[in-house]
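Hello,

Here is the structure we talked about handing over. Please open it alongside this note. My findings follow below.

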Amino acid sequence: MPVAAPIVQVRELTKVFRQGEINVTALHRINLEIAAGEFLTLMGPSGSGKSTLLHIIAGIDRPTSGDCIVQERNIGALNESELADWRNQNVGFVFQTFNLIPVLSAFENVELPLLLTQLSARDRRRQVTTALELVGLSDRMKHLPRQLSGGQEQRVAIARALVTDPQLIVADEPTGNLDSHSAADVLDILRRLSRDARKTVIMVTHDPKAAAYGTRSIHLEKGELTN
Amino acid sequence: MTVSGFIIKNAFRNKRRAALCVLSVAMSLFLLVTLLVVLNEFTNPPEDAGASLRIAVRNKVSLANPLPVRQRAVIEKMAGIDGVTALTFFGGKYKNDENTFFAQFAMDPEKLTAVFGEAKMPADQLAAWIKDRTSVIVGYDTAQRYQLKIGDKFPLVGQIYPVDLDLTIAGIYRGTTDDRNVFFHQKYLDELLGDPGTVGMWWVKARSAEEVPGLIDRINAAFANTSAEVLAETERAFQMGFISMWANIKILIGSICSVVVFALVLVTASTMSMAVRERLRELSVLKALGFRRHELFAFILAESFGLAVVGLLLGGGGAWLLYNSLSASALTGGLFATLTVTPRILGTAALVATGLGVVSSLAPAWSIMRLSVVEGLKTLD
Ligand SMILES: Nc1ncnc2c1ncn2[C@@H]1O[C@H](COP(=O)(O)OP(=O)(O)O)[C@@H](O)[C@H]1O
Ligand SMILES: [Mg+2]
């Protein structure tokens, strides 16, 4: 077990989706602790509830029952706007399909979360530049997403995720759309974030090679943890 | 990047659609302004400086019934008047012009300055007109339209009266709100008609605005219980009476305006709905990054507002420039003397544009309210 105090505590977490008359149990009484600085990989077959668990921990979905405590806050108890603030300050998102805003340059995409802060334009510029340097894209700041390769797009997305300096970085199959070379770049950056910057990284993946970058791996099967 | 920069980039991401939307807003607002201007010309005709001092006196039975010339002496003797002139609407055709858009009046030339002082022309032209019984003065707009100059023949073919006038131009005046009218001698008309002893109307100029109500009462009273009772009223009231004949046209124009506005709402609302629907995924991402619903809604509102305002500047501003720089009578074939885009009309257009911005963001606002990040992320690009 990790020595540090857990940054994420999931207790008896259950998520049921209602689809018309049918109830789909996506997560069933999950218990999980994640320590600060861990690089946790979440594996399991399609439909096993990986994304759902990630969404709840990241505060974009709510549990049906059970608690999800992140940094000692029960995020299920926050209202919509508190949760939005909390996400902005504490969570960085990386998606499978990059999800950059097509009309904004790499720099502007990374700057986006900072528009919600009180930072001056100068401070924003400094932070964005640092984040882009960290992912090795200082020379692509003015490029639009369509002028970048998939791997570069995903690195911009990682820069966007860490520009607010959040404790938690969640990534849902971040290498799913990438060739193996680009995937290795992305995974390397995520590993450095957890190892050097003490960020907690939670990554969903199908790929055992990707999972090997993590410090710990857990498996989901039909909404339950199997180890 | 600033938030407004972000909004602008979003608004023009689909350049063709944004341009089409702005264009349709612009064209509709241009049409709306045009209709309102026309409506305004019907409702509030332009007034001369002297209009508030002028009294129109007509036969109480109807405008078509003439007045006996003996009334002139009675009115002339009244206190508080600057002058009185006969004014008879001739209603003829100029040469063979089927659309004779200018009005022709017989009057007493030596009273022009006293009663219709706004009509300015060189003193020698005025003197020449007064002297020559068969001469005519022509408004500047009409002179322009037919390329007329002093000394030209100006034949008028009678339509109401069974006589044709063989006139010569003695002067060209300008300065009234309707520089199209032409004026000739009442005496000449009388002569051709064999001295019927009647005129169409009397027009009286009061010495001051305070005299007007009293004068109206005295004129009405003077001919009460005679064979030709009169109705004296202010110039404005007289013109409004004319205009009420156009009431149906006003209703028609009013309903076209409503349809224009309604169509405009549909166009912008559908543009904004499309713009938001194709961006639901991005909006979810923004939400995940920490943007709140009301912030996303503000983006959309600002965007639809922006489109509406650009449309307003193009359409409303375009109409304003156009109607203020072109000659209204040339543009409308003489139907209107002026086409004025009043501040009130521009205000109405601005109000419509504002309403448009708000209304067209209602449906998108509803989508944003219901948008869940997880659902939005699942939508495909
Ligand atoms: N919005 C939803 N409505 C209904 N069922 C859902 C919804 N989201 C996920 N599910 C169901 O929950 C289960 C887990 O989904 P998910 O967490 O996306 O799986 P994974 O990411 O492991 O592929 C699946 O059976 C899926 O069909
Ligand atoms: Mg998934």
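In helix H1 of chain A, Lys50(A), Thr52(A), Leu53(A), Leu54(A), His55(A), Ile56(A) and Ile57(A) are buried. That makes 7 of the 8 residues in this helix, which spans 50-57. Gly59(A) follows H1(A) and has a positive phi, near 80°.

Bear in mind that this is a predicted model. The predictor gives the complex an ipTM of 0.92 and a pTM of 0.72. Chain B has a mean pLDDT of 89, with 96% of its residues at 70 or more.

Staying with chain A, look at Gln154(A). It sits in helix H5, residues 150-162. Its relative accessible area is 0%, so Gln154(A) is buried. Its side chain reaches the backbone oxygen of Phe95(A) at 2.7 Å.

Now the salt bridges. There are 26 over all chains. One of them joins the side chains of Arg62(A) and Glu80(A), at 3.9 Å from N to O. This pair links distant parts of the chain, 18 residues apart: Arg62(A) is in the loop between H1 and strand E4 (65-70), and Glu80(A) is in helix H2 (80-90). Arg62(A) has a relative accessible area of 29%, so it is partly exposed. Glu80(A), at 41%, is partly exposed as well.

Chain B offers buried examples. Arg54(B) and Glu235(B) meet in a salt bridge at 2.6 Å, N to O. Arg54(B) is in strand E1 (54-59) and Glu235(B) in helix H9 (235-243), with their positions 181 residues apart in the chain. Are these two buried or exposed? Arg54(B) is buried because its relative accessible area is 0%. Glu235(B), at 8%, also counts as buried.

A salt bridge also joins Arg58(B) and Glu233(B), whose closest N and O atoms are 3.8 Å apart. Arg58(B) lies in strand E1 and Glu233(B) in strand E12 (230-234), so the pair ties together parts 175 residues apart in sequence. Both residues are buried. Salt bridges with shared partners also join Arg54(B), Glu118(B) and Glu235(B) into one network.

On the surface of chain B, Leu322(B), Leu326(B) and Leu331(B) form a nonpolar patch. Together they have about 230 Å² of accessible area. Leu331(B) is in helix H13, residues 328-331. At 45% relative accessible area, Leu331(B) is partly exposed.

Last, the domains. Chain B is assigned domain 1 (3-45 + 247-378) and domain 2 (61-228). Their C-alpha centres lie 48 Å apart.

Best wishes

Terms used: Residues are numbered from 1 along each chain as its sequence is written. Chains are lettered from A and ligands numbered from 1 in the order in which they are written. Side-chain values use heavy atoms; hydrogens and water are left out. pLDDT is the predictor's confidence in each residue, from 0 to 100. Buried means under 20% relative accessible area, exposed over 50%, partly exposed in between (1.4 Å probe, protein chains only). Helices (H or I, at least four residues) and strands (E, at least two) are DSSP runs, numbered from the N terminus. Domain bounds come from an automatic or database domain assignment. Patches are made of residues with over 30% relative accessible area and no salt bridge: like charges are joined within 9 Å, nonpolar side chains (Val, Leu, Ile, Met, Phe, Trp, Tyr) within 5 Å. Accessible areas come from the Shrake-Rupley method with a 1.4 Å probe; for residues, only the protein chains shown count as cover. A salt bridge is a side-chain nitrogen of Lys or Arg within 4 Å of a carboxyl oxygen of Asp or Glu. A polar contact is a pair of N or O atoms within 3.5 Å; within protein, one must be able to donate a hydrogen and the other to accept it, and residues adjacent in sequence count only if both atoms are side-chain atoms.
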